[in-house]
Amino acid sequence: MRALLLFALCLAVLPLRAAEEYDVVVYGGTPGGLSAAIAAAREGASVVVIEPTKWIGGMVTGGLASTDVGNEKVIGGIAREFFTRAAESKAGTPLWKAEPQVNMATFQKMVAEAKVRVVAGHHLKGISRDGTRIDTLLADNGVRYVGKVFIDATYEGDLMARAGVSYIVGRESNTAYDEPLAGFQPAPLRPRTVEQMALDSPSIGGPNGALNYVHGTPAKIPSLDIAGLALPGVGGEWAEVGAGDARTQAYNFRVIVTRDPANRVPFPKPAHYDADRYELLGRLIDAFPGIRFSKLVYLGPIAGDKFDANAIGLVTGTDHVGANYAYPDGDEKTRARIWQDHVEYVQGFFWFLANDPRVPAQLRAQAREWGLAKDEFADNKNWPYALYVREARRMIGEYVMRQNDCTTQLTKPDSIGMGSFIMDSHAVQRLVDRDGSVIDEGNFDMPVRPYHIPYRSLVPQKGQCDNLLVPVCVSASHVAYGTLRMEPQYMIMGQACGVAAVQALRSGRTVQEIDVAALQAKLREQKQVLELALPPGAVAVKDLPGVVVDDAAAVFTGEWTASSSSGGVDGFYRHDGNEAKGAKTARFDVKVPKSGKYEVRLAYATAPNRATNVPVKLQHADGAQTFTVNQKRVPDLDKAFISLGVFRFTTEQGAAVTITTENTDGYVVADAVQLLPVE
């Protein structure tokens, strides 16, 4: 009734034009929405895409050109086709690194080939429903778009929210879904010197940037002004670790920059420039004399001698922390204000570095070597089309993906695609620490294993809306959304939604009740990747007898690197990087189903650079014992394990196996522990 009333009010305000009827109506011309539209059209459906902005393609055409990929093998179907076609359309373009203008041309061509109608520059104004089904979407051009199945592919989830589907904005507590990373999470102090930063992976050409994804404060930087007030950009509230709230991780613009003088436009000065907004940046520069421009901005190389400039984990950067909380549920006026504030903040960031006398002359000179790419976004003053809305609303659908779905419980019977990028959240707040220094809050990054994305996470709960699919604001916790929110995954989920929409309308079933096996078969025909084979030399946990704890469930201290280059249990393991010896440990806690004797086996992926003297401590019912393991030795049990012996364990006190790195003479590997009952 409320939805019908809203629709009726819109009818009274907007001049109505003739209705247009389609099989599938997609709201949101993001990569996920375009993939859904192309998939549905290729199945013979009539499709319209309604995009609120003037430009299709979302972040992929709007600034995010250095694509976050993870494991390339999980990307197939329309996503793989798109990125391949974009790379092949211009000589010298690496896969996943095409220029925004090339991405735009590629999307336009694919949409035209599929005969998808696109209506850009028009917002949703209302909907009408027939019971639990949407039947009409009213846009601000006065046109009523009548559809059989609807897809909300916006970054904000506006159609989903208007349809009365359950959703959440912000962060769950760590108890809501038993997620250690959830809720309030102050970032640690990780002191760095400018010399150490110079040795970090260079942001130009590096896989993650200098300190990108290395969250934590690099130095004690004062956060208060002379009056004792917090600096601009610093504020927020302390809470109990793990507490949930309605705050959202930071947004920014992915700015395309170049050093090519023939294609370089100087960084623009925003209309309302205020140098005080960047006092924290100035203090960071003071703390690291000689710091380079390339250590303050992540510079991801793309084709055309250009770079995708992004935030970097250094307390302050292009992320406008704390300025977006009202955006997800905001009206058009609120969002426009926040959007413009982000434009001015990010433009001011670059202007400050290139021009402000507060910045050392050498750093200013470096910054002025860079500028906006003149041949990108020519109809928008060379500024990116899209605000990087990393996260807004998230549906609470038939199944909510959570942290363990991406680390330990990886397989799903209704898989429609896969993800593999790290679980990553940018800062949510910037706080005054107890000693008056600044501290980031809300950052995390955690390796994942390639995991299945369940169809159930793309549909509302039964009875809420029977003909709506959601491939972008999917049903996931804040933590799990940190890995799902990559554009290739949006495209993977979009393709699944497009095919599912056609199956629903042809079968007369609700989107919750379609034949998922038939959907999976069709997606496989379309080269979508629903599961991955293990790499050579790897052994699957599910094929092993006894009780097995893989490294995904281990507890690590210090920074360990995830790898899959040498097989291992389930194809992945961690290594210590042959660094910080003695400061890193890996602990495997194993519960036994019944008390008795068990053989204890240790798995590691061997290689010539492994340590020969790895300390391994085993705690059992009768005490503790320490072993020295030569990880150059080839494991002889199930291609992965060696035996540590037979010991007694109880259900109250299982096994605890701890690998340490003290005085080791090579790379130390932590992979898995297995307990086999001994009669």
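Here are a few questions and answers to help you find your way around this predicted model.

Q: Is Ser563 buried or exposed?
A: Start with its place in the chain: Ser563 sits in strand 24, which covers residues 561-563. Its relative accessible area is 14%. A residue counts as buried under 20%, so Ser563 is buried.

Q: Which residues is Ser563 in contact with, leaving aside its neighbours within four places in sequence?
A: Look for heavy atoms within 4.5 Å of this residue. With the neighbours within four places set aside, the contacts of Ser563 are Gly571, Phe572, Tyr573 and His575.

Q: How many bridges join strand 27 to strand 32?
A: Strand 32 spans residues 655-660, and 5 of its 6 residues are buried. Strand 27 (residues 585-590) runs antiparallel to strand 32. Within this pairing, Thr585 stands opposite Thr660. The number of bridges joining the two strands is 6.

Q: Which residue in strand 32 is the bridge partner of Val616?
A: Strand 29 (residues 614-620) also pairs with strand 32, in the antiparallel sense and over 4 bridges. Follow Val616 across to strand 32, and its bridge partner there is Ile659.

Q: Which helix gives the largest share of the largest nonpolar core?
A: This core has 131 residues, and those with the most contacts inside it are Leu296, Leu353, Tyr455 and Leu469. Its largest share, 11 residues, comes from residues 487-507, which form helix 12.

Q: How many residues are in the other core, which includes Val616?
A: This core lies apart from the largest one. Alongside Val616, its members include Leu618, Ile642 and Val669. The count for this core is 32 residues.

How values were computed. Residues numbered from 1 in each chain as written. Predicted model: local features only at pLDDT ≥ 70, side-chain atom pairs only at ≥ 80, totals over all residues. Heavy atoms only, no water. Buried < 20%, exposed > 50% of the residue type's maximum accessible area, 1.4 Å probe, protein only. Pairing = 2+ DSSP bridges. Core = buried A, V, L, I, M, F, W, Y, C linked by side-chain atoms within 4.5 Å.
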